[in-house]
Amino acid sequence: MFNISTMHDVYYCKSNSYAGGLDFNANYCKNKNSSSAISGTFNREYADMSRQALEAIYSAPAPGVLESVINRSITRSNGDSHSSLISASPFFSYTIPNTNDALTASAVINYNNSKANLWNDYDINFGSDPEPAQLRRQYTDNSPNYTLSMRGNITYRWTMKRS
């Protein structure tokens with residue numbers, strides 16, 4: 001897994017009556033995964049069955065072992081994905097001179113990009129046949145997903161004086 005994240009804030013203030021700035025955030029993440037599984041079903045119980053023994057059935061099976069095999073399978077998975085997010089939040093505030101009233105405007109803009117691929121390979125054997133009966137490949141392509149969202153807010157604040 002690979003992940004990069006950064007955040008920056010920029011502010012400015014020209015006088016006592018107005019101020020503003022920008023919050024900026026960026027994040028990138030990349031994953032690469034692989035796995036494998038092996039399984040077997042037998043018509044009798046083996047006390048010393050291990051992953052290595054199951055793998056030996058596929059590579060160089062002992063003569064009597066294949067006779068007890070009902071089925072066996074190997075699954076291999078390989079996948080990768082990446083995603084990125086960019087976010088910007090500008091804001092501005094203006095205080096009306098000689099009052100406590102203020103006008104504030106802010107926005108949030110998010111852009112997200114993600115993509116993933118996954119391969120699954122299946123070798124399935126039925127019975128004692130040493131050749132795989134089924135060879136399957138499943139490919140999942142999560143096409144690029146692009147999302148842009150925006151929202152804004154304008155606020156006016158005033159002070160009510162007590163009489």
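Here is a chat between a student and an author about the salt bridges and strands of this structure.

Reader: What kind of model is this, and how are the residues numbered?
Author: It's a predicted model, in which local features need pLDDT of at least 70, side-chain atom pairs count only at pLDDT 80 or more, and totals for chains, interfaces and linings use all residues. Residues are numbered from 1 along each chain as its sequence is written, and side-chain values use heavy atoms, with hydrogens and water left out.

Reader: What elements does the chain have, and what makes a run of residues a strand or a helix?
Author: There are one helix and five strands, in the order β-β-α-β-β-β from the N terminus on. Both kinds are DSSP runs, numbered from the N terminus: helices are H or I with at least four residues, strands are E with at least two. Strand β4, for instance, covers residues 102-126, so it passes the strand cut-off of at least two residues.

Reader: How many salt bridges are there, and why is the pair Asp-123 and Arg-76 called one?
Author: The structure holds three. A salt bridge needs a side-chain nitrogen of Lys or Arg within 4 Å of a carboxyl oxygen of Asp or Glu. For Asp-123 and Arg-76, the closest N and O atoms are 2.9 Å apart, so the pair fits that rule. Asp-123 sits in β4 and Arg-76 in β3 (residues 69-95), 47 residues apart.

Reader: Is Asp-123 buried or exposed, and what about Arg-76?
Author: Buried means under 20% relative accessible area, exposed means over 50%, and partly exposed is in between (1.4 Å probe, protein chains only). Asp-123 has 15%, so Asp-123 is buried. Arg-76 has 33%, so Arg-76 counts as partly exposed.

Reader: What makes Lys-115 and Asp-141 a salt bridge?
Author: Their closest N and O atoms are 2.5 Å apart, so they meet the distance rule too. Lys-115 lies in β4 and Asp-141 in β5 (residues 134-157), so the pair ties together parts 26 residues apart in sequence. Asp-141, at 36% relative accessibility, counts as partly exposed.

Reader: How do you know that Asp-121 and Arg-137 form a salt bridge?
Author: The N to O distance between their side chains is 2.6 Å, so this pair passes as well. Asp-121 is in β4 and Arg-137 in β5, 16 residues apart. With a relative accessible area of 17%, Asp-121 is buried, whereas Arg-137, at 55%, is exposed. In general, side chains of opposite charge can pair when their charged atoms come close.

Reader: Which residues does Arg-137 touch?
Author: Not counting residues up to four places away in sequence, Arg-137 touches Trp-119, Asn-120 and Asp-121; contact means heavy atoms within 4.5 Å. The C-alpha atoms of Arg-137 and Asp-121 are separated by 4.6 Å.

Reader: Why do we say that β3 and β4 pair?
Author: Two strands pair if DSSP finds at least two bridges between them. β3 and β4 have 23 bridges in the antiparallel sense, so they qualify. One bridge partner to look up is Asp-121 in β4, which goes with Arg-76. The hairpin of β3 and β4 has six residues between the strands, and there Asn-98 takes a positive phi near 65°.

Reader: What about β4 and β5, how many bridges join them?
Author: 22 bridges join them, and they run antiparallel. Tyr-146 in β5 is the bridge partner of Asn-113.
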